[in-house]
Amino acid sequence: MASKNTTSPNGRQNVQRSNRDSARWIAGLLLLFVGLFSAAAVFFSFFSWAPDQSVLQKSVEDRELIGAEIENLCGVAGARLGMLLVDRSFGLFGILIPVMLVLIGIRIIRQRPLLVNHSILSLFFIMILGSLTLGFAFADRWSICCSTGWGGAFGIEVSTLLRTHIGAVGTLILLLGGWILTGVFINRNFINKVNEVGNVMADKGEKIVEIVKHKVVVPLGRVPGEDGAITEEAPEPAPKAAEPAAPAAPAAPAAVVPEPPVQKAAPIHVERPAESVAAAKATLRDEDDDPFIELTPDGKPVGEVVPEETEPQEPAGDEEFTEVDLSHPEGRVVMGRGGLIELERPAFRPAAPAAPVSDGPFTEIIVGDEPEEPVEMRAEIPVEVTAETPAEVLPAPEPQGEGVVVTVESNEAKLVDEKAIPTESYDPLKDLVNYHKPPVTLLEDYVSDSEVSDEEIFENKTKIEETLKYFGIPIQRIKATVGPTVTLYEIVQAQGVKIAKIQGLQNDIAQSLKAESGIRIIAPIPGKGTIGIEVPNRNKQIVSMYSAVRSLRFQESKAELPVVIGRTIQNENFVFDLAKMPHLLVAGATGQGKSVGLNAIITSLLYRKHPAQLKFVMIDPKMVEFSLYSKVERHFLAKMESEDEAIVTDPRKAVYTLNALCTEMDNRLELCKKAGARNISEYNEKFTSRRLNPLNGHRFMPYIVVVIDEFADLIMTAKEVETPVTRLAQKARAIGIHLIIATQRPSVDVITGKIKANFPARVAFRVMQMIDSRTILDRPGADQLIGRGDMLISKDGELTRIQCALVETKEVERIVDYISKQQGYTAAYALPDYTPDNGEGQQMGSEEASSAPLKYDSLFSEIARSAVQDGSISTSMIQRNYEVGFNRAGRIMMQLERAGIVGRQQGAKPRDILYHDLPSLEAKLQELGVF
Ligand SMILES: Nc1ncnc2c1ncn2[C@@H]1O[C@H](COP(=O)(O)OP(=O)(O)OP(=O)(O)O)[C@@H](O)[C@H]1O
């Protein structure tokens, strides 16, 4: 007789699980309180250990007799605990034991795994090392906070032991190594810090060697040769810059002309390559410690060429600039410490035009904004000369005009101090550092009391056995696995029975089990060789998103885009990596759970990803499914810059958005190519480890998940949607763009061959006809599902039956509310704007699409007026004058073109303005409805 126990194994499991959870929670809370009490006890013991210890040494009677009381605010227990954790254990660092207890308690309450918790392990290492270090450093010398010494009994004894065996130096090195390893364990960036210290020490070492060379070796008559080798020959003493030098050339006029009163009116900065300046400096460095470098007009150090008659040089060193005569009558070149070459001219004197300075072979002169304007006309405007010419080849100005004083600063390429260059990894999450992922408590924990009874299982097993026997198929064994929706009866058939024979009995078995649908025969079960018969349970269980998100499998998943979609027949949470799928096709008849499935996918991702890591593009022709996600626009959504709404509901805009995604894909592929990365993970890894320069356009790439609901509606109204979808499906996986396409009608005109070929992963909810099942899964099965979240997922030809997790609209609302209340980015993630050319616009089939855009930019009329008034326009002009981005400027230009106000772009030529007077433009604007 079969057991009549009505509690199923499943139910028992649930009850056991909930009892375990409660016990865990209580244990966690107890530990938390013990930890808090211990922390307080240890803290107070730091102040009261001395009197308390003498009190504790006395018997209770003695204490009462003399009225001695414990001072620790946690009483006798506190004083003893303090003694135990501080004196007898880890000294000052004994306080970390209660801290660890508190952390463990919290983790138990929050149902977190304990074994390898990083923070607790870190604290543990710190405690051991800290105690050892203090024990080693102070032994039992100081007893400010406890009787044994700062390191506690453990620290003192173990360090003494180490000292005995490996000596003081060995112990010191061991401790240093231990601290470094602990630092690295706590934060991997610590490696960089260690490297930095190493570099600083290496630099210091080099400097010391330099100083020794200059101060000790050189005075001894040994000088470094060009190759750095030390030779015995002493060089000719170089003339000091300030000293009059022997004439090397006919006296330059500048040498005899008295220096005019200098007014720093229009300095000319000459920028040149760092090497030349460095070379010039290097020539001088060895001659004089003076930080200022004097140059002659031909760029040579002043001591070598400046004639003796040169006007007395002001003592270099205390000046901001060292002045050097040019051959110009009144010119002077001054090279300052910063290395910028500057031309100083006396005010109100005819100055040398900038042009001669620029005549050098590589000299580029930028004279304010207007290069053609003579320098002397611009006395108030700082004049910049950018020269790629080394100082040595800078031609001296022809002696024309007079009174020009040239101050030369060699503009060294500005180098950031090497220590100021960030060495730690770039952390994209720091953008929203306070972002908290939604707590799981926002989800509903649906408790199902509908369970599969043992009776039901036994009945089904008997019926299956009888039916098979009736058709002459003997079986050896049957095993039942109860799932949330169906129970799998696994049959081991007698030897010699053909699998196909059982497969053909699907309808007969269904009839005998009186099940209208839901019976599915898996023959054989992959990897097992047995035959599976899935029979729907009389009462289905709800799989809550709450339990799915809480599952260890999901929480510990290392996937890039982890998704927990529901539970398999074996009652295991089914977790997959969307990044590896890499796209998903979702089909199912109306009301069978598609939208819930999509929400489960989106919710999973929201629970695991940070806004910096993931963006969604949501296309919702039904207009209602995704509207609630608009609240997280600034956190998790991406849209074209020109779009107002982040959730795309208009089929025409859906096409634009998908094309914009193609542009984003192309941009990302280009960036990956430049970076030498094969995929988004490699690229982001390079970017975060600062191996890619943002100045070269590199940026951190978040994953983009594109969710399209009702694809059938979309492709029917905008056939051209197929092209971008196929392109994305073919190429976007590597750079982190993944598509999820859902449709009610999985017919071949919707899921075309091109699309299907690029979607190896498919999800099927119940469909009404076998043909639909074949379209989506390439085989029957989806027509045999029982609906309400019962689904099949096919990946690489393998089919898994899953009960989709239920996440209701109200739960999604709570999650998006939680996220939206947190700080987000200033706007949605911007996709490059896509502007269709006219041809494409006409293809849309609607008149509206080919005519001027529906909505004009708010700057449209203002820019149109200014274009007509000025008679010219360009995108860059719009950008500059109105401080708008390139995309917006381009869009406004496109709107002007479509409105017939400006002509088409013709190569590099400026666009024609098609209106020549404001009244006719105003009439046009009125006609367009823009004022
Ligand atoms: N996983 C599930 N568990 C329990 N019930 C579910 C599940 N999925 C769906 N249902 C039930 O089925 C109903 C319809 O689901 P859903 O709205 O997802 O269907 P749909 O396929 O998106 O339909 P349509 O295409 O018409 O929008 C839900 O309101 C819910 O009651």
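Let me begin at the ligand, where one of its oxygen atoms sits 2.4 Å from an N or O atom in the side chain of threonine 590, a polar contact in the sense of a pair of N or O atoms within 3.5 Å, where within protein one must be able to donate a hydrogen and the other to accept it, and residues adjacent in sequence count only if both atoms are side-chain atoms. The protein covers 77% of the 620 Å² of accessible area that the ligand has on its own, with areas taken from the Shrake-Rupley method with a 1.4 Å probe.

Please keep in mind that this is a predicted model, in which local features need pLDDT of at least 70 and side-chain atom pairs count only at pLDDT 80 or more, while totals for chains, interfaces and linings use all residues. Residues are numbered from 1 along each chain as its sequence is written, and side-chain values use heavy atoms, with hydrogens and water left out.

Backbone atoms also approach the ligand: an oxygen atom of the ligand is 3.2 Å from a polar backbone atom of glutamine 592, and a nitrogen atom of the ligand is 2.8 Å from a polar backbone atom of cysteine 804. Altogether 18 residues surround the ligand, and among the closest are Thr590, Lys594 and Lys622, where near means that a heavy atom of the residue lies within 4 Å. The shell divides into 5 nonpolar, 8 polar and 5 charged residues, with Gly counted among the polar ones.

Which element supplies the largest share of that shell? Helix H17 does, with 3 residues, and H17 (594-608) and strand E24 (798-804) each supply at least two; helices here are DSSP runs of H or I with at least four residues, and strands are runs of E with at least two, numbered from the N terminus.

Turning to the sheet, we have an open arrangement of 10 strands in the order E15-E14-E24-E23-E22-E16-E21-E20-E17-E19, with mixed pairing, where two strands pair if DSSP finds at least two bridges between them. Strand E15 (573-577) and strand E19 (647-648) stand at the edges with a single partner strand each, so one side of each is left without a neighbour in the sheet. Strands E17 (614-619) and E20 (703-708) run parallel and are joined by 6 bridges, and methionine 618 has valine 707 in E20 as its bridge partner.

Finally, some backbone details in the loops: a cis peptide bond, with omega about -10 degrees, joins methionine 581 and proline 582, and proline 582 lies in the loop between E15 and E16.
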